[in-house]
Structure formats: structure tokens, C-alpha cells
Amino acid sequence: MSGQLEGRVALVSGASRGIGYHLAKQLAAQGAHVVAVARTVGGLEELDDEIQKAGSSATLVPLDLTDGPGVDRLGAALHERWGKLDVLVVNAGALGTLSPIGHIEAKTFERTMAINVTSAWRLIRAVDPLLRASDAGRAILLSSGAAHSCKAYWGLYAATKAALEALGRSWAAETQNLPLRVNSVNPGGTRTAMRALAMPGEDPNTLPTPSDVASRILPLAYPSCTETGRLFDVRQNRFMTYHMPD
Ligand code: NDP
């Protein structure tokens, strides 16, 4: 049986573990050639083994996404090899610190913004022409409920995810007359390293697995996804409506 993404190319940032790892695996199982980006070579190689065992293929890109020129070179390499990109998953992210706003160290603030916002924008900029060249370009940005709940001590992480969603909505507006569809996702609490860091006292067995969460996100990558500029809530399994003035 052929998959939903046969012959398509999908780039996943933060594919070495967690949600990105499982999304990359599931995209490959649907027939996509996956370009897997992260710093940890071991995690990428494990992913590659699993993808190959399932009869699909991947290209591994060990890269720190805060290396802006490196991200630009990745865009150029994709252009050279395929001339297009069908799926972009902006998943790589960092928690930063859970701390009162007044106590956040400048270097922590800047580093977290660099990973969650600046590198996301740089990656988007590098592949925007390639997604536009696809007949069914799909971009999925991993946000968080924190962007909207803005709870005490979550200010830094919340600000980065709100910024990411804002970028995604503007990009969707810029591309609304193209086949390209751009959506953000709130995965909800998921059994990963990042969640364990944020909630050390929590029993991980009470949380959905990254594989379960990835399978809910996967259809946003399909050519059949018609929504754009929206936020998909995994727990509710539906798109949410942004309330905004004209
Ligand atoms: P993990 O911490 O498990 O994985 C994060 C991924 O991002 C890793 O593959 C890591 O790879 C990569 N990454 C981080 N920094 C960099 C960098 N500088 N360069 C390249 N890659 C980097 O996170 P999750 O799977 O939990 O989260 C995935 C996304 O979902 C994130 O954007 C997160 O904010 C969001 N999210 C997660 C929730 C949860 O409960 N887990 C809830 C809400 C949102 P490496 O270290 O190898 O570079």
C-alpha cells in the first residue's frame, strides 16, 4: 500500500529524540524522504536505522540550528538536490528556564530566543522558496499551550512560542493564495525529556507518548490538509480559532 507522502521530501528539526524523532519516523513510513536535523548524532543514527528497517530513507544533518550560516547552507543543499521541499516541521526547541521574569539571566534569555525563534525564522527563510516550489507544501510549527496560558515563571518559554506562532500566522497570510499551508501545533504535555525537565515531579506514565502525539500531528503534513494560519490542539484533536481584531 502506498503512503500519503510517496515521493515527497520532509525536513524535521529536532529529530534526534522526542516528538520530532517520532514524527520523522512516521513521515518516512508514509513514503517521505526525511531530512533529519539535530545536534546529537547518536539519536539521528538510531532514527536512520529505524527508517531503513521500515524500508524508507533519510538524510541526516547534524547541525546546531543556532548556526545561522549553517542553516542557510542547508537550504542551498536542499535546493541543489531536490529543488523543492514538501514538508517542513519546525520542532527543535528548548525550555530555557522556569523562573520569575526578573531573575532570568541574559544569556539564558538570548539562547532560548535563539533556538526557539531566531533559528526557526532562519530555517523558514532558508526553505520558503523550496516550499513554494512544491505543489503541496506543508509547514508545521511546534508551539505550546504556554504561548496562551502565560503562567507565572513560564514567561521566557511562553514568549518564544507566542513569537513562533505569530511568525507562522504572518507567513500563512503571505502565502494564502499558494498551495502552501502553514499551521502551528500545541502538542500538550508529552512524555519527553523536555517535559521531564519542566515537570520533574510528574509521573511520565500519565502522559501520552511522543509516538501517539506525532500520529495526531502527521495529517497536517498531508496534501489533503487544507487549513492554514491555524493552531492545531493535539489533546482536543482539532483546529482552534484565533480571535483577532481586523
Ligand atoms: P525534546 O527536548 O525531547 O527534543 C528537542 C529536540 O530539539 C531534540 O531533538 C534536540 O536535538 C533539538 N534541539 C534543541 N536545540 C537544538 C539546537 N540548538 N540545534 C538543533 N536541534 C536542537 O523536546 P520535545 O520532543 O518534548 O518537544 C518538541 C517540541 O514540542 C518543542 O518545540 C517543544 O517546545 C514543543 N512542546 C513540547 C511539549 C512536551 O510536553 N514535550 C509540550 C508543548 C510543546 P539535539 O539536542 O540533538 O540537538
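## Exercises on a predicted model

S6 and strand S7 (residues 230–233) pair in the parallel sense over four bridges, where strands are DSSP runs of E with at least two residues, helices are DSSP runs of H or I with at least four residues, and both are numbered from the N terminus; two strands pair if DSSP finds at least two bridges between them. The model is predicted, so that local features need pLDDT of at least 70 and side-chain atom pairs count only at pLDDT 80 or more, while totals for chains, interfaces and linings use all residues. Residues are numbered from 1 along each chain as its sequence is written.

**Exercise 1.** Describe the pairing of strand S6 (residues 181–186) and decide whether its faces are covered or open.

*Solution.* Begin with the neighbours: in S7, the bridge partner of Asn183 is Arg230, while strand S5 (residues 138–142) runs parallel to S6 and is joined to it by five bridges. In this second pairing, Arg138 stands opposite Arg181 of S6. Next, recall that in a regular strand the side chains alternate between the two faces of the sheet. Arg181, Asn183 and Val185 lie on one side and Val182, Ser184 and Asn186 on the other, and all are buried, a residue being buried if 20 or more other C-beta atoms, placed from the backbone, lie within 10 Å of its own. Both faces of S6 are therefore covered.

**Exercise 2.** Determine whether the span of helix H1 (residues 18–29) agrees with its number of residues, and how many of these residues are buried.

*Solution.* The expected span of a helix is 1.5 Å times one less than its number of residues. For the twelve residues of H1 this gives 16 Å, and the end C-alpha atoms are 17 Å apart, which agrees. Turning to burial, eleven of the twelve residues are buried, among them Tyr21, His22 and Lys25. Just after H1, Gly31 takes a positive phi of about 105 degrees.

**Exercise 3.** Place Val127 within the fold and explain why Val127 is classed as buried or exposed.

*Solution.* Val127 is found in helix H4 (residues 106–132). Because 24 other C-beta atoms lie within 10 Å, Val127 is buried. Leaving aside neighbours within four places in sequence, Val127 is in contact (C-beta atoms, placed from the backbone, within 7 Å) with Leu11, Gly75, Leu78, Leu85 and Leu88. Of these partners, take Leu11: the C-alpha atoms of Val127 and Leu11 are separated by 9.6 Å, although the two residues are 116 residues apart along the chain.

Technical notes. Two residues are in contact if their C-beta atoms, placed from the backbone, lie within 7 Å.
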